[in-house]
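Hi,

Here's the structure I promised to pass along. Have a look at it first, and my notes on the aromatic residues and the nonpolar cores follow underneath.

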Amino acid sequence: MSYEDDIEEPNNMMKTSITPFVLAFSNLSYSLNTGTKMTLPTSIFSRKYTKKLHKSSKEKILLNDISGEAREGEILAILGPSGSGKSTLLDALANRISTKSLKGSVTMNGETLEVGVLKMISAYVMQDDLLFPMLTVEETLMFSAEFRLPRSFSKTKKMARVQAVIDELGLRNAANTLIGDEGHRGISGGERRRVSIGVDIIHDPIMLFLDEPISGLDSSCAYMVVKVLQRIARTGRIVIMSVHQPSSRVVGLLDQMIFLSQGETVYYGSPTHLSLFLSDFGHPIPENEDRAEFMLDLYSGLESIPGGTKSIVEFNKLRQKLVNNQQFNSDYSNGLRVSIKQAIISRGKLNDSINVIDVAQTSTISKFANPFWVEIVILVKRSLTNSKRVPKVFMLQIGGVVFIGCILASVYWQLDKTGRGIEERIGFFAFIVTTIFFCSTDVLAVFLQERYIFMRETTYNSYRRSSYVLYHSILVIPSLFIFSILLASLTFLPVGLDGGFSSFLFYFFAIFASFWSANSLVSLVSGLVSQVTLGYIVVMPLIGSFLHLSGFFINRDRIPSYWIWFHYISAVKYPYQAILLNEFDKPNMCLLEGVAPDRSCLLFGLDIVRKEDATDLSKWSCFWITLAMGVFYRILLYISLLFGSRNKRK
């Protein structure tokens, strides 16, 4: 069976608008300052210029005066070798470059697109397949539908949309198969890429941007993916993608191509006109030679000689002047005279159920399809669905806590109340809190695995960043509760801590607060860094510094004045002090009795509190501060995600 036969023909296959959409871009230029250097004037030794220095900046041009248009129902491919500016141009068209840095204009039907409207009517598929591995294809698309489709849509309508996308992408046979990863068998690479596309077209966008969608795929899978994109375009969408080096079969599916060389256009037009272009330029394509490959090899060779690609760039500009005089007067381009709102109205609904945007409410429509509490519910549901299929991760975490609890219980078994025993108790308190913080560093790997999925989904308003932080905070509380009750139960009685049930209850609360603060701290670090290794480099010395200045190794009154501020922000200080006070801050607690006959008390618990200089706060104050620090770290995490994950070039 051929691939074309394997993909069902959608019912709305030839859905087109009465008024077509045309995305036009004109004179796009973008450059970066790679550094500045100081230069001395030639007349430096003259009196007039003795104190003058000139600054000159090195500017790297990424895009230089690029123009063209992408039409509804067509695929526009951006081609070129690495470093030619493919991804930069794609980002420029998708509004992922700051308007302060990008020169030129990008319009749809003659109007400048507002950022909010662009996000609603477009989708951007990244090069990497960012998917949850333990979800099926259908579940992945359904969660995307839950995020992107309005809450007013019933469950039945959302499922119908998911099934339509599955058929459109040719994923019917893989609908109930897990996505998979390195450790779990799942769908193929080509199917994975099509699922990534499906996630971003679930809300029926008008424009689809794809960053090298066939990179890393074999020729057959690459052809399948582009064939799907062609079908998507024919349903009334604009498809723009970057391609490194496509095969001849893939080129045959493209409608328009832009070849870039060092940020400049060396060819813009239809693949069918490429042979004539090269022949007119004086480099006809040899017989049986692939035209796209020949073109890439030609100007790649020109880049290495003096003058570079200037000749072919100028030849293309001359040709464009002749072509554009006819192109922009065509009947097709008359759609530019119609406003975006009118064009969207004429486009109608997908399968009579989905509208991209309610045009009458364009100016007041919410950026997000759901209220924040619905987003939290969907995020929690998706995470639990993904996690329950790998229960060994949670079981290993429980096993780690039990192992640590047993080790601590056996090492500090039934500590006595002699001077040495008291010192060992204090050491146990500091060690258990620090162990909790170090054990929480596993959050780094988990959070960073989701980082780029989070960036992709929030870039196009699938959900709020605040919803993500709240969901992440809510989801960890049950597991932290289980870890805390296990660790408290395994150590309280075996170590011989005093106070009965009320003391045990506070001991459990203090351990839970420690887990909460530690988890929040590591989550904050993972929100600030982009790699697990960097996270460990930051968090390990930070926890060590917190411990060193917590009051255990050196009392508060002995800490140098220039470091005392670090003592008060130490996340280890407050839970350590809370457990210490829970054990010793008791008025009638006698640790060492005198000899007969009066057997008066020689050492009270309060004496230990004063010796450890833990008199500045009560145990409940320490507990609440520990919880508050966890909340504060979560707020900082939200701020870091808000400003540090915009996924937009400056």
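Phe429 and Phe584 are both buried, in what is a predicted model. Their ring centres sit 6.4 Å apart with the planes at 65 degrees, and since anything over 60 counts as edge-to-face, that's what this pair is. Phe429 belongs to helix H15 (residues 419-439) and Phe584 to helix H21 (residues 573-584), so the two rings tie together parts that are 155 residues apart in sequence.

There's another pair to look at, Phe546 with Phe566. Here the centres are 5.4 Å apart and the planes are at 40 degrees, so the pair comes out as tilted. Phe546 is in helix H19 (residues 532-548) and Phe566 in helix H20 (residues 564-569), so this pair ties together parts 20 residues apart in sequence. Both Phe546 and Phe566 are buried.

If you want the overall tally, the count comes to 31 aromatic pairs. One aromatic cluster is formed by Phe481, Phe506, Phe508, Phe509, Trp620, Phe623 and Trp624.

Two arginines are also worth pulling up in your viewer. Arg96 lies over the face of Tyr124, 3.7 Å from the ring centre. Arg249 does likewise with Tyr223, at 3.9 Å from the ring centre.

Now the cores. The largest nonpolar core has 120 residues, and Met207, Ile240 and Phe584 have the most contacts inside it. Helix H18 (residues 500-528) gives the most to this core, with 15 residues. So which residues does Phe584 touch, leaving out those up to four places away in sequence? They are Ile422, Arg425, Ile426, Phe429, Met589, Leu591, Gly605, Leu606, Ile608 and Val609. Phe429 in that list is the edge-to-face partner from above. A second, separate core has 62 residues, including Leu131, Leu171, Val228 and Met295.

Last one: Asn582, which is also in helix H21. Is Asn582 buried or exposed? Its relative accessibility is 3%, and buried means under 20%, so Asn582 counts as buried. Beyond its neighbours within four places in sequence, Asn582 is in contact with Ser503, Phe506, Tyr507 and Lys619. Phe506 is one of the members of the aromatic cluster I listed earlier.

Cheers

Conventions:
Residues numbered from 1 in each chain as written. Predicted model: local features only at pLDDT ≥ 70, side-chain atom pairs only at ≥ 80, totals over all residues. Heavy atoms only, no water. Phe/Tyr/Trp six-rings, centres within 6.5 Å; stacked < 30°, edge-to-face > 60°. Helix = DSSP H or I, 4+ residues; strand = E, 2+ residues; numbered from the N terminus. Buried < 20%, exposed > 50% of the residue type's maximum accessible area, 1.4 Å probe, protein only. Lys NZ or Arg CZ within 6 Å of the ring centre and 35° of its normal. Core = buried A, V, L, I, M, F, W, Y, C linked by side-chain atoms within 4.5 Å. Contact = heavy atoms within 4.5 Å.
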